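Reader: I am new to reading protein models, and I would like to go through one slowly. Could you show me the sequence and the structure before I ask about them?

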Amino acid sequence: MKPRYFLKYCLTIIAVTAFFCSFQAAFASTPENSEEALGRKLAKQAVKGSKRWSTIDHAKIAVLNKEFTSGEQITQACISCHSEAATQFHKTIHWTWLASGDKKDIRYGKAGYSVNNFCISGNAMEDRGCLKCHTSWDKKGVKGEVNCLKCHNSSGFNFIEAFGDIKAFSEDDDPDTKEIIKDIQQEIKDAVTKVTFPTRKNCGECHFKGGGGDGVKHGELDTSITKRNRMLDVHMGTDGKNFSCTRCHTTTDHHIAGRIYTNPAVETRKSLIEDDLAPKITCVSCHSAEPHKNDSKMNDHTDVVSCQACHIPKYARVNPTKMWWDWTKAGKMKDGKPYVEKGPFGKPVYKSIKGEFRWEKNVVPEYFWSNGSQTSTTINDVIDPAQIVKVSHPVGDKTDPEARIFPFKLHRGKQPYDKVHKKLLAPLLSGKNGYWTTFDMNDAIEHGNKTLGIPYSGEFDYVETTYAFPITHMVAPRENALNCTQCHIRENSRLASITELYMPGRDKSNLFDTIGWLSIFGACVGVLLHGLGRFFMRNGKED
Amino acid sequence: MTDKNTIKIYLYTRYERLWHWLQALMIICLIVTGLEIHGTYTLLGFQTAVSVHDFVGLSWLIMFAFFVFWLFTTGEWKQYIPTTKKLFSVVLFYAWGIFQGKPHPIEKTKGAKHNPLQRLAYLGISAMLLPVQMATGLLYYLYNDIPQILPLSVLAGIHTLVALFLLNFLVIHLYMTTTGHSLFSHIAGMITGWEEIQETTKIADWETGATKKK
């Protein structure tokens, strides 16, 4: 080989090799290798030294070291030191069950006009069944005393039952009974000093079991997230970051950060670097607005797609959640008695007192634009019964700078409405006039609407409704986040319903595609015919 | 065929050939990954296709800058000046003469390696399709970082359409390589730089005039 050719070939080989090697660089930017993403780095710094500490041991506090005979006495003991606690708490939604915290404005809230498509209404706290979850003693509602221990006691001890027993036994003079009372007193004394910041169990007692059982309401909040399972929730799993609820749901004057009916959890997303006193309620707080690695295409998504949309691939991944509740089926009897029928997952699929249910596990969310606010159809709003009524639905669209595409659980069901006034109705359920006792819906509505002062025409029918729950817990480890083609795909894209955006892989211009492919088809046919022509004419050669 | 002797002439310089094949490789790579991103099929996986497409696309921009530099410093740009002279006879040759074994009305020389039809086609591609493709590609790539002049749907639509036109060109271009002195003489020419032509073909002055060294 001539030397000048040799040089030439060497150069060519080097150039081609260099070109192919540089592909490595392109692949190297995929998440597996290279250094840590900004969002992880920041979040790790934000939660460094997260251990709570305290200057008090409640077991040594004198006012707690006595024999209590009622819950109210315990509260008095608490307030004797924490003088402002109850005053603060009385202004919060956890106490008033009104979104505004103002007793005169009862438009939104469990104790107001708000309804859902589960047990429908709280009937202005007249439905005592609901008050099991109110932060007062003995289901007294806002007329009672604050039950501090509901949120601030880690013993799991049932104080209400214990005080009930003491009361029942107190008239008995039998020395054995006295002994039992003494034991109970001791148990109360031991339990009462187990004062704590709210644990997952405290919050979960109501928030995991809202709607009448574990996982009924929220698809991503149930007892499974208190357990050892970081695959389910990287933040809360005890083998993960082991966060309690209050790690993110930070508090000011007993007001706990989070979405409240129509109000978003925060107006704008801010990282702790921008505002160190901002509530840590959004992902951005700790992970920043561009959390992925520097050159990652994913960072270009964060102005449109919420973190949750990709990082919570499915909800109800361990425990099932209720997806359907049909009140029209309620009231059937077996041998003249109400009954319960269990279905898959060991969950009830029928209850005479409530109707028909459907449960699902590993549910793919539905996606909507959301700026953090939700609409709320109350029993005072006029509805269109010809349509499926959106009792609660996310607010926002592409033009809203705060809106992102968020995952939601849509709970569907059928519930009563007033045929004349065209409004949803608020049947009373528990108690002697409640549906669960009388099985008379018309009567239950009569009593229920009266509690809220909303007139009822006397004629009702059922309408199908939806209630949207934002999916924001159960964040999976990053390796389980959605891959691109869950959305960037022509058929069955998860974001098929989000049409305001052009999405590569999902969308195309039919006109341009047709023109382009037709031209290619034309070229192929052209060269084929031309080639055949040359072949058969033998390029004009004679033989 | 007439019994003219064939001779070999050196037509394509080293850089030109490197650029040609690199360009071919990149265009094919961009079309393959681009159509996957477009959702036409699944091959490398969407994420990998995007990474490769971005990388090759950006590399292309750098390479193209070198090409433009080469084009103007060597004066080779003059080979792309369009002309209508003899254009019709070239068209006629491909439409008719080629089937009868007639010689190509214009043979290649160092000074005029493109016939009038090629000049038009390559000018159209280099001056229209490729710049549009580079501009829409870059705007697409930087969509989140710069003011959004055009909606993504328009950018993506044009980018896809031009890509399909380039694929169309590729089909015809590949076919045309077989129309040389022998089936593979054009391809061999682009690999070695040397191409076989008919010895006696006369090259008109108007063809080489622009590039003739004075």
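The questions and answers below go through the two chains, the contacts between them and the nonpolar cores.

Reader: What kind of model is this, and what pTM does it score?
Author: This is a predicted model, so everything said here is to be read as a computed result. The model comes with an ipTM of 0.87, and its pTM is 0.88.

Reader: Which helix of chain B has the highest mean pLDDT among the elements of that chain?
Author: Chain B as a whole averages a pLDDT of 85, with 89% of the residues at 70 or above. Among its elements the lowest mean, 62, belongs to helix H7(B), residues 205–208, while the highest, 95, belongs to residues 152–176, which form helix H5(B).

Reader: How many helices and how many strands does chain A have, and why is chain A described as more spread out than a compact globule?
Author: Chain A has 14 helices and twelve strands. For 543 residues the globule rule gives 24 Å, and because the radius of gyration of chain A is well over that value, chain A is more spread out than a compact globule. Along the principal axes, its C-alpha atoms fill a box of roughly 130 × 60 × 45 Å, and the radius of gyration itself is 31 Å.

Reader: In what order do the elements of chain B run from the N terminus on?
Author: Chain B contains seven helices and two strands, and 23% of its 214 residues count as buried. Read from the N terminus on, the order of these elements is β-α-α-α-α-α-α-β-α.

Reader: Is strand E7 of chain A largely enclosed or open, and which strand do five bridges join to E7(A)?
Author: E7(A) covers residues 366–370, and because four of these five residues are buried, the strand is largely enclosed by the rest of the structure. Its partner in the five bridges runs antiparallel to E7(A) and spans residues 404–418. Within this pairing Tyr367(A) stands opposite Pro407(A), a residue of the partner strand, E10(A).

Reader: Which element gives the most to the side of chain B that touches chain A?
Author: The contact between the chains involves 33 residues of chain B and 43 residues of chain A. On the side of chain B, helices H1(B), H2(B) and H5(B) each supply at least two residues. By class, that side has 20 nonpolar, eleven polar and two charged residues. The element that gives the most, with 13 residues, is H5(B).

Reader: Which element of chain A gives the most residues to the largest nonpolar core?
Author: This core has 61 residues, and those with the most contacts inside it are Ile379(A) and Leu425(A). Several elements of chain A give two or more residues to the core, including E7(A), E10(A) and helix H13(A). With five residues, the element that gives the most is strand E12(A).

Reader: Which residues does Leu425(A) touch, leaving aside those up to four places away in sequence?
Author: Leu425(A) is one of the two residues named as having the most contacts inside the largest core. Its contacts include the other one, Ile379(A), together with Pro416(A), Tyr417(A) and Asp418(A). The remaining residues that Leu425(A) touches are Ile445(A), Asn449(A), Tyr456(A) and Phe460(A).

Reader: How many residues are in the second, separate core?
Author: Among the members of this second core are Ile27(B), Ile37(B), Val56(B) and Trp60(B). Counted in full, the second core has 18 residues.

Conventions: Residues numbered from 1 in each chain as written. Chains lettered and ligands numbered in written order. Predicted model: local features only at pLDDT ≥ 70, side-chain atom pairs only at ≥ 80, totals over all residues. Helix = DSSP H or I, 4+ residues; strand = E, 2+ residues; numbered from the N terminus. Rg over C-alpha atoms; globule rule 2.2 N^0.38 Å. pLDDT = per-residue confidence, 0-100. Buried ≥ 20, exposed ≤ 12 C-beta atoms within 10 Å, placed from the backbone. Pairing = 2+ DSSP bridges. Contact = placed C-beta atoms within 7 Å. Nonpolar A, V, L, I, M, F, W, Y, C, P; charged D, E, K, R; others polar. Core = buried A, V, L, I, M, F, W, Y, C linked by C-beta atoms within 7 Å.
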